[in-house]
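User: Hey, I'm new to looking at protein models. Can you walk me through this one?

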Amino acid sequence: MNLIEKKNLLDSVDARTRLAGSNKMEILLFSLGTRETFGINVFKVREVGRTPHITKTPNMPRGVEGLVSLRGNVIPVLSLVSFLEHKDEPIERGKTMMVAEYSKRTLGFLVHEVDRIIRVDWEKVRAPESVLSSNQGLITAITELENGTLVSLLDVEQILANAFGEAIIVDIPAAQVPEETSVFFADDSVVARRKIAEVFDKLGVKHKHATNGAEAWSRLQGLAAHAQQIGSELRNEVRLILVDAEMPEMDGYVLTKHIKSDSRFDGIPVVMHSSLSSEANRAMGQAVGVDGYVAKFDAEVLADTLRPMLER
């Protein structure tokens, strides 16, 4: 694929807001110079091009190749293959750089070559537990191409945590809520779940969670049915629902649509928590009726967004 084709590949990203709530995702396929095929949610990729000159700097974390200047901004560049264990090292790597947006940060990811964008149903994007792989910790989900090839979707949050360490959560004032206040959240990233739980612990709020949208909807329906059975309102048990935008089996947009179309959840705010902080993705959240949108991962902003909703 030439550079013009690579540029055109992403030209219509903002137009993809129409996918909100359709339970479809678009994946940018790429290779690392090995036999495996990898993918990344296309919304996380701002642009793709030939790798520019990289300035090597001392004392960089493992896997960080150095820094590049991109339109006046200096950004770190990570070699994805350095984070994955392969039996055979690729002959050449890093010819192409994907510029990704994550948690208000811009980073470059070196890959061997990008292939194409595919559109898949979220229910066909499943958790990786059934796949025997030494890289499971860095893979958030898998899907399958029409020819039977498995595609591993990389967990950007875990890669960044491995490279730069996890964000330290400073002191967060507790919310002024009753002791029995409880919330529910869904996120497919182990790193994110750990950090979200830490925020709720500091807010002094009990919490339950699910690891994907389908599991979340199943558990929420169970909670709603139980509340009906005992003649109570669910909002007395669940004060707020926090959903990740991109999850296997059912994404956060479809999950939000289910919640908002079920009267049993009336009065329970839904906040979308996503690594995708662009206006396009905020528009996608608004299209399905979320009550708030928070970019990952800023613990203080997350707490400040949730606290007034919890204290109502």
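Analyst: Sure. One term to start with: helices here are DSSP runs of H or I with at least four residues, numbered from the N terminus. F200, for example, is found in helix α3. Also keep in mind that this is a predicted model.

User: OK, so is F200 buried or exposed?

Analyst: The cut-off for buried is under 20% relative accessible area. F200 comes out at 1%, so it counts as buried.

User: What is F200 in contact with, leaving aside its neighbours in sequence?

Analyst: Leaving aside neighbours within four places in sequence, F200 is in contact with V183, F185, V205, H207, L242 and L306. Take V183 from that list: it is 17 residues from F200 along the chain, and their C-alpha atoms are separated by 8.5 Å.

User: Any other residue in α3 I should click on?

Analyst: Try L203, which is in helix α3 too. Its relative accessible area is 0%, so L203 is buried. Setting aside neighbours within four places in sequence, L203 is in contact with I172, P173, A174, A175, A303, R307 and L310.

User: How many residues apart in sequence are L203 and A303?

Analyst: They are 100 residues apart in sequence, and 7.4 Å apart in space, C-alpha to C-alpha.

User: And what does α3 link up?

Analyst: The chain crosses from β11 through α3 (residues 190-203) to β12, and this β-α-β crossover is right-handed. As for the strands themselves, β11 and β12 (residues 206-210) pair in the parallel sense over 5 bridges. If you want a spot to look at, V183 stands opposite H207 in β12.

User: Cool. What about S182, where is that?

Analyst: S182 sits in strand β11. Its relative accessibility is 11%, so S182 counts as buried. Not counting residues up to four places away in sequence, S182 touches V205, K206, H207, E237, V238, R239 and L240.

User: Let's zoom out. How many helices and strands are in the protein chain?

Analyst: There are 7 helices and 15 strands. The chain has 312 residues, and 55% of them count as buried.

User: How much area does the protein chain expose?

Analyst: About 14,400 Å², with carbon and sulfur atoms supplying 47% of it. Contacts also reach across the sequence: among those between residues at least 6 apart, 66% join residues at least 24 apart.

User: How many residues does the largest nonpolar core have?

Analyst: It has 30 residues, and the ones with the most contacts inside it are L220, L234, I241, L255, I259 and F265. At least two residues each come from β11 (182-186), α4 (213-229), β13 (240-244), α5 (252-260) and β14 (270-274). The largest share, 6 residues, comes from α4.

User: Why would nonpolar side chains be buried together?

Analyst: I can only give you the general pattern: in soluble globular proteins, nonpolar side chains tend to be buried together.

User: Fair enough. Which residues does I241 touch?

Analyst: Not counting residues up to four places away in sequence, I241 touches F184, L220, I259, F265, I268, P269, V270 and V271. Apart from this core lies another, of 27 residues, among them V45, V64, V111 and L160.

User: Switching to the end of the list: what's up with α7?

Analyst: Helix α7 has 13 residues and reaches 18 Å from its first C-alpha to its last, close to the 18 Å expected at 1.5 Å a residue. Its buried residues are A299, L302, A303, L306, R307, M309 and L310. What covers them includes β11, α3, β13, β14 and β15.

User: Anything odd in the backbone?

Analyst: A few things. A cis peptide bond joins K296 and F297, with omega at about -25°. F297 is in the loop between β15 (292-295) and α7 (299-311). Then there's N59, which has a positive phi of about 60° although it is not a glycine.

User: Where does N59 lie?

Analyst: In the loop between β3 (45-50) and β4 (64-70). N59 has a relative accessible area of 79%, so it is exposed. R71 also has a positive phi, about 50°, and is not a glycine. You'll find R71 in the loop between β4 and β5 (73-79). At 62% relative accessibility, R71 counts as exposed.

Note on methods
Residues numbered from 1 in each chain as written. Predicted model: local features only at pLDDT ≥ 70, side-chain atom pairs only at ≥ 80, totals over all residues. Heavy atoms only, no water. Core = buried A, V, L, I, M, F, W, Y, C linked by side-chain atoms within 4.5 Å. Buried < 20%, exposed > 50% of the residue type's maximum accessible area, 1.4 Å probe, protein only. Contact = heavy atoms within 4.5 Å. Pairing = 2+ DSSP bridges. Right-handed = clockwise from strand over helix to strand, strands pointing away. Areas by Shrake-Rupley, 256 points an atom, 1.4 Å probe, with all protein chains shown as cover. Expected span 1.5 Å × (residues − 1).
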